[in-house]
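Me: I would like to go through some labels applied to a structure and see what each one rests on. Please set each value against its cut-off.

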Amino acid sequence: MPSFYLVEHTADVQLAVKGETISKLFENAMHGMFFIMEPAIASCSMVAGNLHCSSWPITKKIDIQGSDLESLLVNFLSEILFLCDAYNEIYGLIDIQHLDKNHIVATLKGITLGENDALGLEIKAVTYHDLSIIHDQTGWHTTIVFDI
Amino acid sequence: MIESIKQIAVPLKQTDLKRISDYIFEVPMSYRNDMRVPARVFMHESMMQSILEDRALWQLVNVATLPGIVNYAYAMPDIHQGYGFPIGGVAAIDLTEGGIVSPGGIGYDINCGVRLLASELLFDEVKPYLEQLATKLFHAIPSGVGRGGVLQLNNEQLEEIFLHGAPRLVHLGFGNADDLTFCEEGGFLAGANAAFVSSHAKKRSADQLGTLGSGNHFLELQVVEEIFDRNAAEAFGLSENIVTIMIHCGSRGFGHQICTDYVKIMMEKAQEWSLTLPDRELIYAPFHSQEGQQYMASMAAAANYAWANRHMIGHAAREVWQKIFGLSAPLKTVYDLSHNIGKIEEHLVNGTTKQLLMHRKGATRSFGPGNIHIPQAYQSVGQPVLIPGTMGTASYVMAGTSEGMNVAFGSSCHGAGRALSRTQALKQLNGAQIFKDMQAQGVTIRTGSRRGLAEEAPVVYKDIHKVIDVVHGAKLAKKVAKLKPIGVIKG
């Protein structure tokens, strides 16, 4: 059962994500974002929405703040998007060391895109459109709209 | 935590719209008690269902609540759902009356826009070289996601581009003075300041100059299929059957980062400013606040980068053109126009001249004859308004009119809006089939991504001819020429 799926949205892409814990929600949101970007990478494959690569040579640490949980999620994904574009990398693993409603510290593991690798779709930005993070008996869930 | 009167998006109904004329419909202020002005939609009755389909009108009503907004919140006929502002939205903000600036009213892709170049060769003269031309252009101009630019600039040179835009590139030997004369604002906005641009944004600017990007960005080879206004067409250098090149792209990762940065900064200040927002994406800053001013200075830097980008691509296209057709085969810039930008303009409001901050998101400036801000050569006919149809469909050249200045502060639409969602498009369409269909219609395509074709296929967009008819009928601009695609290059 996938932890995220794409929702109909007129001009952009909306990702519906869930997780048993808040950490899992953030992790699945990252995986969902890379799924949307359609990576075509020689040493990787996409399995059930998650990227599987033969190795993860790149490590990036991130330390992000937000005024509330929704802002934190937007800032977290925006930072990953920045790293992806600035360094020409994608990230398939994440280890969250700290997460509360205003602060996340995590380590990402990733891979650099080679000359013959490509991303199928460019995400311009992570938006606040329709964003509410809900916590109920079924766990944590939210929808995130990306400007593409 | 933002104190938002978080409005549940209420879809508007046909009965909420009042018909003002054949091409103008209005949502009166009585519709919702936080509206400061009515909302006006330029559309035809036949477009009613598709315009009511998404949240665009709810977003337009939200725009009408912005502090300092003057006259109306306007929606162009290609309106569709966006972030905060609908795409195709125009808002004039009075800076003396507690006016604000909203990054969502300008867009993530700051200064996404269009450049049109015209040759002096006819289609029959170009046709034997079309495949070669398309291939050479595809190789000369990087496109696709994350494709690096050919121009390697150091940090100092990049900063000069942020400050001075396209003119800086002429200084470095790329393009010519006419490319600047026939560009909106001469290819740069004053007031840019690199000090307020984040290091994240600067890092992303490093190797993207001269690149097309992906999605609905493209370079298109076209032929002038029909002329509607001989006088204006002649002034623009357009005649029947000549080949043109149209470039559609923006500020790339640099602009996207700047918008993301300032949405974040303003979001963090929202509580301090006691903002009540119907939609978080409508976040704004008081124009005269530090954050508002720093956003304006950074937005100008992004705008300048985008103009430098289109200038560079135009130059690369000209080099390819002249390599094939010879150095005496000109390719001149007709005009370059932005459709995601915020600009301070002087307009008449109730008989008084006012300084207004024009937010145009998925909308363009459209100034009429005699306006000092348009090139000398176009003074008698008005400013060119360039409207790309989506990939493979007709594009239009229009001209600003004197009456247009009074209709929506000299604004016009930017192109057909999306009708079919991306996931729907992919389910229904097939990239390889579209490739074949377009080739059968005589359109040569070079693209890195067949999937991208399905997402951007002509059927996915609203009917551009209808949109143009409304613009013409509402006197926002008048039809000058129709361009037919003969080649498309995209990422």
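Reply: The turns below take salt bridges and burial in this predicted model.

Me: Why is the pair A:D68 and B:R280 called a salt bridge?

Reply: Their side chains meet at 2.9 Å, N to O. The cut-off is 4 Å between a side-chain nitrogen of Lys or Arg and a carboxyl oxygen of Asp or Glu, so the label applies.

Me: What makes this pair a link between two chains?

Reply: A:D68 lies in the loop between β6 and α2 of chain A, and B:R280 in the loop between α10 and β10 of chain B, so the pair joins two chains.

Me: How do you know whether A:D68 and B:R280 are buried or exposed?

Reply: Buried means under 20% relative accessible area. A:D68 has 5% and B:R280 has 13%, so both count as buried.

Me: Why do B:K482 and B:E225 get their burial labels?

Reply: B:K482 has a relative accessible area of 16% and is therefore buried, the limit being under 20%. B:E225, at 38%, falls between that limit and the 50% above which a residue is exposed, so B:E225 counts as partly exposed. The two form a salt bridge, with the closest N and O atoms 3.4 Å apart. B:K482 is in strand β19 and B:E225 in strand β8 of chain B, 257 residues apart.

Me: What makes B:D336 and B:R310 a tie between parts of chain B?

Reply: Their side chains meet in a salt bridge at 3.0 Å, N to O. B:D336 lies in strand β11 and B:R310 in helix α11, so the pair ties together parts 26 residues apart in sequence. B:D336 is buried at 0% relative accessibility, and B:R310 is also buried at 0%.

How values were computed:
Residues numbered from 1 in each chain as written. Chains lettered and ligands numbered in written order. Predicted model: local features only at pLDDT ≥ 70, side-chain atom pairs only at ≥ 80, totals over all residues. Heavy atoms only, no water. Helix = DSSP H or I, 4+ residues; strand = E, 2+ residues; numbered from the N terminus. Buried < 20%, exposed > 50% of the residue type's maximum accessible area, 1.4 Å probe, protein only.
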